[in-house]
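This report introduces a protein structure to a reader who has not met it before. Please keep the sequence and the structure in view while reading.

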Amino acid sequence: MAPQSDRADLVDVALGDAPADIAIRGGNLVNVFTREIYPVDILIRDERIAAVLPASNDPLPARWVISAAGRYIAPGLIDPHMHIESSALTLTEFARAVVPRGITTIIADPHEFGNIMGKPGIELVLEEARQIPLNVMLRVPPRIPELEPHLETPGATITLEETCELLALPQAACLAGDISPLFYLRKDPAQFRLIEETIRLGKTISGYSPGLLGRKVNAYVAAGAEDSHTPHDIAELREDLRAGLNCFLTPRPKHFDREQFRALAEVIANEPIDTHKICFCTDDIHTNLLLEQGQLDVRVRMAIEEGIPPALAIQMATLNSATAMRIDRDYGVVAAGRYADILILDDLETLSVETVLYHGQVVVEDKVYLHRPETPFVYPLAAKQTIKTKGPILAETLKYRVNAVDGTATCQVLDVSGARKLLKTATIPVMDGVIAPVPGGDICNLVVIDRHHAEGRTGRGFVRQCGITRGALASTVNHNVHHLFAVGTNQDDMALALNRLMEIGGGYVAAADGEIIGEVALPIIGMLSELSLEDLAAAFTKMDTALKDGLGCTDPNRPLLSFSFMCSPVSLEAGLTDIGLVNSMTLEIEQVVLSLEAAKVAEFV
């Protein structure tokens with residue numbers, strides 16, 4: 001918030017009694033209050049906008065005048081729900097990637113840092129944020145760890161008191177909502193205390209409501225939730241809007257994709273629907289897709305391409321998000337008193353960004369990112385030594401053994417063939433006392449191994465239709481506690497990939513026929529790299545090729561991102577942890593083996 005003296009300076013500039021620091025002359029303003037587009041002159045003093053005036057040929061008293069004639073002016077884009085760690089970039093490099101695309105504010109949930117390093121990890125993110133031209137606001141993770149230790153071994157812990165301390169920070173925009181809705185529906189006392197504290201502080205309560213309808217979505221809103229980033233399609237979006245939720249749309253395969261954007265454009269054109277609660281967000285995006293396609297800007301372009309008017313699409317990515325996050329006093333619109341986070345576009349339809357101003361400073365000019373930190377941010381050693389195991393992993397320890405020599409086992413498996421994970425049953429062969437999916441079939445082995453305490457706890461299970469037909473993939477990117485996991489057709493390649501993964505400090509490793517065929521090293525908390533955007537994107541592209549050519553991966557869409565959520569026990573409908581198979585709908589442990597077609601049925605693992 002600007003001090004009173006700064007406000008007085010803004011008044012002087014607006015009245016013409018003092019010169020502006022910067023004037024932007026003659027651009028066509030996309031007014032996200034009214035969705036009009038018209039020519040203006042803009043006066044900026046220090047970090048804020050002093051006045052937005054009708055364009056004229058009169059002299060503009062300013063130290064620097066930027067001509068925007070023939071171009072468009074829009075507010076900087078705001079991403080209300082995202083996770084920096086999913087980009088695998090440091091925050092400094094992430095800013096270099098997204099600011100030239102017009103993103104000037106992100107509201108990020110660094111629960112990955114929190115789960116791995118605790119509160120110091122989140123403070124590390126905020127420390128790095130101080131040296132970049134990007135507003136980094138905090139979605140405060142409400143539960144670290146999210147699950148009780150009988151369901152998943154926790155990494156770090158952030159206490160309720162520490163969570164309240166984070167909520168009170170000026171950078172904190174909201175209480176994050178990336179937790180099971182059962183904590184709302186079951187009236188969890190700790191969650192309700194955080195809700196009341198968030199209300200007391202005048203901040204937003206974010207949510208996560210996949211598939212909640214009718215009484216359940218009403219109960220969820222009654223508990224305090226104010227938004228959701230999980231509408232699957234137009235029907236679920238409509239249900240959430242009717243319940244009063246702000247809806248953050250993020251297209252992903254089989255989930256509010258381009259077809260749904262087209263349907264939304266038709267609804268907006270033909271029905272009296274209010275769009276002020278509809279926003280765009282990115283949630284998770286990998287480095288190569290960020291480089292090739294964009295971040296929040298690609299959502300805006302997709303909306304325009306599918307028929308949503310440009311001014312409305314930009315409103316959804318600016319003012320609507322700012323209002324939902326209660327930061328519209330300072331952000332989300334080009335208007336007097338707001339921060340001068342401004343885009344100059346050379347094309348409105350494609351959202352082509354020419355110039356970016358951040359807090360009144362030009363940080364992108366002629367599409368070139370100008371910012372260079374005075375001192376590069378250095379991650380401490382503690383952030384690079386986060387994998388603790390008992391030692392080398394042996395293939396034999398990854399096998400699911402049962403007390404039967406041969407036969408079949410009826411098992412509960414994770415089915416990831418659709419938009420949401422389902423818990424299904426499958427009959428799997430038993431050979432020499434080991435449940436052994438048919439090589440090249442539609443079922444793979446799956447393991448999760450504790451990475452935080454070097455105690456060797458291992459959860460074993462099976463997954464159907466994950467796309468791998470040979471070899472194995474291992475990773476430390478495994479939401480939300482980020483234990484080691486491996487999926488594959490055989491335990492030898494799984495063990496090889498896991499051991500290599502530990503050697504490189506985390507990331508992704510693919511192995512086939514006894515050889516490492518691809519890897520991406522992410523040594524910072526096992527999730528981030530210090531490589532440049534371009535170099536890391538190239539590494540991810542090579543990894544995608546290894547998945548396709550080496551592992552026979554049949555998933556045509558963002559497979560690594562899909563794998564990172566495959567085991568998640570809080571992503572519906574089930575997941576696998578180092579403890580075992582977790583039903584996300586009930587938060588209870590499920591049996592993997594339901595029955596054995598053999599002489600003995602006693603199971604041991």
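## A three-stranded sheet

Strands E11 and E12, the latter spanning residues 246-249, pair in the parallel sense through 2 bridges. One residue match in this pairing is serine 228, whose bridge partner in E12 is cysteine 247. The open sheet to which they belong has 3 strands in the order E11-E12-E13, with parallel pairing. Its edge strands are E11 (227-228) and E13 (278-280), each of which pairs on one side only. Strands of a sheet pair through backbone hydrogen bonds, either parallel or antiparallel.

## Confidence in the model

The structure is a predicted model. The mean pLDDT of the chain is 94, and 98% of its residues reach 70 or more. Over residues 601-605, however, the pLDDT is below 50; this stretch has 15 contacts in the model beyond near neighbours in sequence. Where pLDDT is low, the predicted coordinates should not be read in detail.

## Strand E8 and its partners

Strand E8 covers residues 135-140, and 6 of its 6 residues are buried. On one side the buried residues are Asn135, Met137 and Arg139, and on the other they are Val136, Leu138 and Val140, so that both faces of E8 are covered.

E8 has parallel partners in E7 and E9. Strand E7 (residues 103-108) runs parallel to E8 and is joined to E8 by 4 bridges; here threonine 105 stands opposite asparagine 135 of E8. Strand E9 (residues 172-175) is likewise parallel to E8, with 3 bridges between them, and cysteine 174 in E9 is the bridge partner of arginine 139. Together with helix H5 (residues 160-167), E8 and E9 make a right-handed β-α-β unit.

## Helix H12 and the loop after it

How many of the 10 residues of H12 are buried? The number is 9, and the helix is therefore largely enclosed by the rest of the structure. The buried residues are Leu296, Asp297, Val298, Arg299, Val300, Arg301, Met302, Ala303 and Ile304. Their cover includes strand E6 (77-82), E7, E12, helix H10 (258-270), E13 and H13.

Glutamate 306 lies in the loop between helix H12 (296-305) and helix H13 (310-316). Its relative accessibility is 14%, and because the limit for a buried residue is under 20%, glutamate 306 counts as buried. Leaving aside neighbours within four places in sequence, glutamate 306 is in contact with Arg258, Phe261, Arg262 and Ala265. Glycine 307, which follows H12, has a positive phi, near 110°.

## Nonpolar cores

The largest nonpolar core contains 121 residues, of which Phe94, Ile106, Leu134, Ile435 and Val487 touch the most other members. Helix H16 (residues 533-550) supplies the largest share of this core, 6 residues. Another core, of 30 residues, lies apart from it and has Leu126, Val140, Tyr184 and Ile195 among its members.

Valine 487 illustrates the contacts of one core residue. Not counting residues up to four places away in sequence, valine 487 touches Cys444, Asn445, Leu446, Val463, Cys466, Ile468, Gly471, Ala472, Leu473, Met494, Phe563 and Met566.

## Aromatic pairs

The structure holds 8 aromatic pairs. In one of them, the rings of phenylalanine 113 and tyrosine 379 have centres 6.5 Å apart and planes at 20°, so this pair is stacked. Phenylalanine 113 lies in helix H3 (residues 111-117), whereas tyrosine 379 lies in the loop between strand E17 (368-369) and strand E18 (406-415); the pair therefore ties together parts that are 266 residues apart in sequence. Both phenylalanine 113 and tyrosine 379 are buried. Phe113 and Tyr379 also form one aromatic cluster with Phe377.

Phenylalanine 261 and phenylalanine 280 form another stacked pair, with 5.7 Å from centre to centre and 25° between the planes. Because phenylalanine 261 lies in helix H10 and phenylalanine 280 in strand E13, this pair ties together parts that are 19 residues apart in sequence. Phenylalanine 261 is buried, with a relative accessible area of 0%, and phenylalanine 280 is buried with a relative accessible area of 0%. Phenylalanine 261 is also one of the residues in contact with glutamate 306, and H10 and E13 are both among the elements that cover the buried residues of H12.

How values were computed
Residues are numbered from 1 along each chain as its sequence is written. This is a predicted model: local features need pLDDT of at least 70, side-chain atom pairs count only at pLDDT 80 or more; totals for chains, interfaces and linings use all residues. Side-chain values use heavy atoms; hydrogens and water are left out. Two strands pair if DSSP finds at least two bridges between them. Buried means under 20% relative accessible area, exposed over 50%, partly exposed in between (1.4 Å probe, protein chains only). A crossover is right-handed if, with the strands pointing away from the viewer, the path from the first strand over the helix to the second runs clockwise. pLDDT is the predictor's confidence in each residue, from 0 to 100. Contact means heavy atoms within 4.5 Å. A nonpolar core is a set of buried Ala, Val, Leu, Ile, Met, Phe, Trp, Tyr and Cys residues joined through side-chain atoms within 4.5 Å. Rings of Phe, Tyr and Trp (its six-membered ring) pair if their centres lie within 6.5 Å; planes under 30 degrees apart count as stacked, over 60 as edge-to-face and the rest as tilted.
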